[in-house]
Amino acid sequence: MPLINENFQTDIKGLQLWHAPMSSCSQRVRMVLNYHDIKYTSNIVKLNKGEHASKKFLEINPEGLVPVLSDKNKIINESNDIIQYVDKKFGNSILSKNIDKKKIVSFLREIDDTQKSLKLCTFHFLFKSQERMPDQEYKFFKSNHKNKDLVDFYSNFENGFQKNKIVSAININKKFFDNVEKIMIKDSSSVYPNGFSLADISLIPNVHRFNLMDWPFEKWPKIFSWYNNINKSNWFKKGVLDWEPPELISNFKNYIKNSTKISSFL
Ligand SMILES: N[C@@H](CCC(=O)N[C@@H](CS)C(=O)NCC(=O)O)C(=O)O
């Protein structure tokens with residue numbers, strides 16, 4: 001259910017976004033906002049400091065997850081719902097120009113279903129190289145965050161994910177990329193042949209994230225060429241690349257060089 005509050009009190013006119021720089025779900029929303037050139041007030045939630053367990057943030061989104069968008073007194077969560085809301089209300093909608101809207105919505109749902117496995121791969125193949133949440137903040141996060149799954153996820157991460165969980169997460173994403181590769185036509189600049197849509201914007205964070213993990217996209221040539229095309233757009237730069245700290249990306253690259261390749265699981 002995307003609309004989580006209709007009585008939000010704020011003095012800020014226009015849209016506000018609570019988001020995190022490296023969050024794939026936040027990237028999706030920032031890209032749509034930039035695609036339509038919509039101004040918004042940015043509120044960064046530092047996930048690595050446990051800020052999503054703070055009383056202040058839980059009042060905004062009781063689920064304690066980013067992204068969250070407010071439009072005057074309305075609060076909306078779930079990235080794939082937010083992008084549909086923004087696209088419909090503020091843009092010259094790209095949701096489904098010549099494409100069956102139901103098809104797009106079902107594609108967005110499929111992307112949503114890959115979220116947990118994308119997260120596990122991200123933490124295992126990239127974030128393991130990073131410093132952990134400081135002790136005090138981690139304690140605060142564990143005792144205040146209401147989402148038991150998320151708290152358990154962090155404990156499992158601390159202890160190292162079981163190999164079968166990693167393999168299963170990789171397979172979920174492989175199956176998903178296989179399906180996308182089947183839908184796309186050769187050298188297409190959009191997922192669906194009839195034109196660019198929200199399916200494209202929603203898919204970008206997944207492909208971008210796995211590309212950071214050195215996923216061998218050359219074996220998925222249609223996705224690979226589509227992604228290289230997307231890479232040239234300004235809204236991709238503004239919604240994704242500009243938020244990635246260069247030293248973090250360089251740490252990831254070094255870490256990947258010296259650890260087990262994701263391709264060895266395929
Ligand atoms: N289905 C939700 C998932 C939201 C979600 O899981 N957000 C992640 C970032 S992409 C988050 O807040 N994670 C908190 C954490 O990792 O501590 C959506 O698409 O917005």
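Which atom of the ligand is 2.7 Å from an N or O atom in the side chain of serine 79? In this predicted model, the atom paired with the serine 79 side chain is an oxygen of the ligand. Two further polar pairs involve charged side chains. A polar atom in the side chain of glutamate 78 is placed 2.7 Å from a nitrogen atom of the ligand, and lysine 119 brings a polar side-chain atom to 2.5 Å from a ligand oxygen. Of the 510 Å² of accessible area that the ligand has on its own, 90% is covered by the protein.

The shell around the ligand consists of 15 residues, of which His52, Val66, Ser79, Lys119 and Tyr154 come nearest. By class, seven of the shell residues are nonpolar, five are polar and three are charged. Three helices, α1 (24-35), α5 (115-125) and α7 (148-159), each contribute at least two residues to this shell.

Isoleucine 111 is part of helix α4, which spans residues 101-113. Its relative accessible area is 2%, and isoleucine 111 is therefore classed as buried, the cut-off being under 20%. When neighbours within four places in sequence are set aside, the contacts of isoleucine 111 are Arg28, Asn80, Phe176, Ala199, Ser202, Leu203 and Asn206. Glutamate 247 is separated from isoleucine 111 by 136 residues in sequence, and the C-alpha to C-alpha distance between the two is 29 Å.

Helix α10 (221-230) has buried residues at Ile223, Trp226, Tyr227 and Ile230. Viewed down the helix axis, the buried residues of α10 fall within an arc of 100 degrees, and they therefore line one face of the helix. This arrangement can be set beside the general geometry of such helices. With 3.6 residues a turn in an α-helix, residues three or four places apart point the same way. The buried residues of α10 pack against three helices, namely α8 (163-183), α9 (198-212) and α11.

The loop between α10 and α11 (234-239) contains serine 233. Serine 233 has a relative accessibility of 16% and so counts as buried. A polar atom of the serine 233 side chain lies 2.5 Å from the backbone oxygen of isoleucine 230. Isoleucine 230 is itself one of the buried residues of α10, and this polar pair thus links the loop residue serine 233 with a residue of that helix.

Key:
Residues are numbered from 1 along each chain as its sequence is written. This is a predicted model: local features need pLDDT of at least 70, side-chain atom pairs count only at pLDDT 80 or more; totals for chains, interfaces and linings use all residues. Side-chain values use heavy atoms; hydrogens and water are left out. Helices (H or I, at least four residues) and strands (E, at least two) are DSSP runs, numbered from the N terminus. Buried means under 20% relative accessible area, exposed over 50%, partly exposed in between (1.4 Å probe, protein chains only). A polar contact is a pair of N or O atoms within 3.5 Å; within protein, one must be able to donate a hydrogen and the other to accept it, and residues adjacent in sequence count only if both atoms are side-chain atoms. The arc is that of the directions from the helix axis to the C-beta atoms. Contact means heavy atoms within 4.5 Å. A residue is near a molecule or strand if one of its heavy atoms lies within 4 Å of it. Accessible areas come from the Shrake-Rupley method with a 1.4 Å probe; for residues, only the protein chains shown count as cover. Ala, Val, Leu, Ile, Met, Phe, Trp, Tyr, Cys and Pro count as nonpolar, Asp, Glu, Lys and Arg as charged, and the others, Gly among them, as polar.
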